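Student: I have a protein structure open and would like to go through it by question and answer. Can we start from the inside and work outwards?

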Amino acid sequence: MLVLRPIRESDFPALLNIAHESGHGFTSLPVHEELLQNKIARSMASFEKEADHPHDEGYLFVLEDTETGDVVGTSAIEAAVGLDDAFYHYHLSKVIHSSRTLNVYKAVDILTLCNDYTGATELCTLFLRPQFRQKYNGKLLSKARFMFIKQHQERFADTVIAEMRGVSDEHGNSPFWKWLEEHFFSMDFPTADYLTGIGQKVFIAELMPKYPIYVNLLSKEAQAVVGEVHDNTRPAIELLKNEGFTFNGYVDIFDAGPTVEAQVENIRTVRESQVKIVKIGNNQGGSPYMVANDKLVDYRAAVVELSVDTGSNELVISQAVADALLVKEGDSLTIATI
């Protein structure tokens with residue numbers, strides 16, 4: 001069984017391997033041992049912290065194969081972005097150039113540097129090792145975070161966002177960044193991405209163009225990738241769209257990948273999930289459900305095939321499933337269709 005749980009100190013070697021495996025453009029997991037150790041320590045402190053509103057907490061989860069003990073994926077939630085370090089985006093909008101005298105009317109796309117998502121909750125650090133990208137593993141890794149947000153909503157903002165990886169090649173070259181580099185910077189995309197990942201963001205404010213960028217002045221290659229996602233990211237953005245996330249014109253300042261957003265109450269899993277009381281017994285199985293306990297440090301979530309009586313507030317699960325989810329008879333579980 002694959003079970004999602006909070007990260008712990010002993011997961012550091014696995015997290016380092018995932019950082020290597022994830023490749024260029026995966027800003028939230030740079031290959032930097034001290035930074036990764038700090039991420040683990042910060043996450044553990046966040047899960048243990050008493051909180052009644054979102055601040056600087058970061059919750060990092062791992063997906064563990066309970067048969068082998070191997071960590072096969074990660075996902076995370078940032079409670080509130082931009083409170084300590086500026087959180088930048090470009091916003092894609094239009095300006096109108098018109099002249100009645102000349103009978104000219106033209107709408108032009110522009111990119112404006114902004115901090116509009118300051119204070120929002122961010123979904124991030126989603127990575128599943130390729131050999132496990134099957135069945136419901138990716139959905140569990142992503143959607144179990146919505147269960148956690150629902151169960152501990154006081155810890156998160158009303159707006160939830162996700163930055164999607166933009167277009168780049170196998171060497172980490174981004175067409176959008178190539179144009180920025182040529183005109184404003186003297187560093188390649190992997191270097192800029194790495195510096196951001198380790199928290200060195202001052203250069204953004206110092207070197208980024210302060211005035212709106214006219215999209216039609218970008219190279220044709222750069223124009224083509226504004227708001228587009230990396231091929232490996234397409235399943236992730238489709239999943240979020242199905243959950244109710246929308247693209248409202250915000251793109252990443254490095255690779256122009258889209259940022260999608262949703263209000264917590266509009267997220268499908270949050271809206272449709274149900275709370276059930278555990279009853280230990282024999283459940284012959286039926287449909288796959290995502291099932292999660294309501295704990296913090298001991299949070300667990302998994303996909304289990306269950307026969308569910310929608311008219312009852314009880315959920316019958318086997319002792320093995322109860323052990324994996326760290327619950328006993330009489331405890332509560334949140335369930336949702338996967």
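Student: Which residues does phenylalanine 245 touch, not counting residues up to four places away in sequence?

Tutor: Bear in mind that this is a predicted model. Phenylalanine 245 is among the residues with the most contacts inside the largest nonpolar core. Leaving out residues up to four places away in sequence, phenylalanine 245 touches Leu123, Phe146, Val160, Leu240, Val260, Glu261, Ala262 and Ile267.

Student: How many residues does the largest nonpolar core have, and which helix gives the most to this core?

Tutor: In soluble globular proteins, nonpolar side chains tend to be buried together. Here the largest such core has 39 residues, and Leu123, Leu240, Phe245 and Tyr299 are those with the most contacts inside it. Seven residues of this core come from one helix, which gives the most: helix H3, residues 137-151.

Student: How many residues are in the other core that lies apart from it?

Tutor: Among the residues of that other core are Leu180, Val215, Ala222 and Ala256. The core lies apart from the largest one, and its count of residues is 21.

Student: Which residues of H8 are buried, and on what side of H8 do they lie?

Tutor: The buried residues of H8 are Ile237, Leu239 and Leu240. Because they cover an arc of only 155° around the axis, they lie on the same side of H8. On the other side, the exposed residues are Pro235 and Asn242. The answer is therefore one side of the helix, holding Ile237, Leu239 and Leu240.

Student: What do the buried residues of H8 pack against?

Tutor: One of these buried residues is Leu240, which is also among the residues with the most contacts inside the largest nonpolar core. The packing partners of the buried residues of H8 are S6, H3, strand S7 (159-163) and strand S10 (258-263).

Student: Which residue just after H8 takes a positive phi?

Tutor: The residue is found just after H8, and its phi is about 110°. It is glycine 244.

Student: Why does a salt bridge between glutamate 243 and lysine 143 tie together parts far apart in sequence, and how many residues apart are they?

Tutor: The closest N and O atoms of glutamate 243 and lysine 143 are 3.3 Å apart, and the two form a salt bridge. Glutamate 243 counts as buried at 2% relative accessibility, and lysine 143 is buried at 3%. Glutamate 243 is in the loop between helix H8 (234-242) and strand S9 (246-251), while lysine 143 is in helix H3, so the parts tied together are 100 residues apart in sequence.

Student: Which residues do salt bridges that share partners join into one network with Glu243?

Tutor: The structure holds 15 salt bridges. Where they share partners, one network joins Glu243 with Lys143, Arg268, Arg271 and Glu272.

Student: Is glutamate 57, which forms a salt bridge with lysine 49, buried or exposed?

Tutor: In this salt bridge the closest N and O atoms are 2.6 Å apart. Lysine 49 is partly exposed, with a relative accessible area of 33%. Glutamate 57 has a relative accessible area of 2%, so it is buried.

Student: How many disulfides does a search of the whole structure find, and why is cysteine 114 not bonded to cysteine 124?

Tutor: A disulfide is a covalent bond between the sulfur atoms of two cysteines. The cysteine sulfur closest to that of cysteine 114 belongs to cysteine 124, and at 19 Å it is too far for a bond. Cysteine 114 counts as buried at 10% relative accessibility, and cysteine 124 is buried at 13%. The number of disulfides found in the whole structure is zero.

Key
Residues are numbered from 1 along each chain as its sequence is written. This is a predicted model: local features need pLDDT of at least 70, side-chain atom pairs count only at pLDDT 80 or more; totals for chains, interfaces and linings use all residues. Side-chain values use heavy atoms; hydrogens and water are left out. A nonpolar core is a set of buried Ala, Val, Leu, Ile, Met, Phe, Trp, Tyr and Cys residues joined through side-chain atoms within 4.5 Å. Buried means under 20% relative accessible area, exposed over 50%, partly exposed in between (1.4 Å probe, protein chains only). Helices (H or I, at least four residues) and strands (E, at least two) are DSSP runs, numbered from the N terminus. Contact means heavy atoms within 4.5 Å. A disulfide is a pair of cysteine sulfur atoms within 2.5 Å. A salt bridge is a side-chain nitrogen of Lys or Arg within 4 Å of a carboxyl oxygen of Asp or Glu. The arc is that of the directions from the helix axis to the C-beta atoms.
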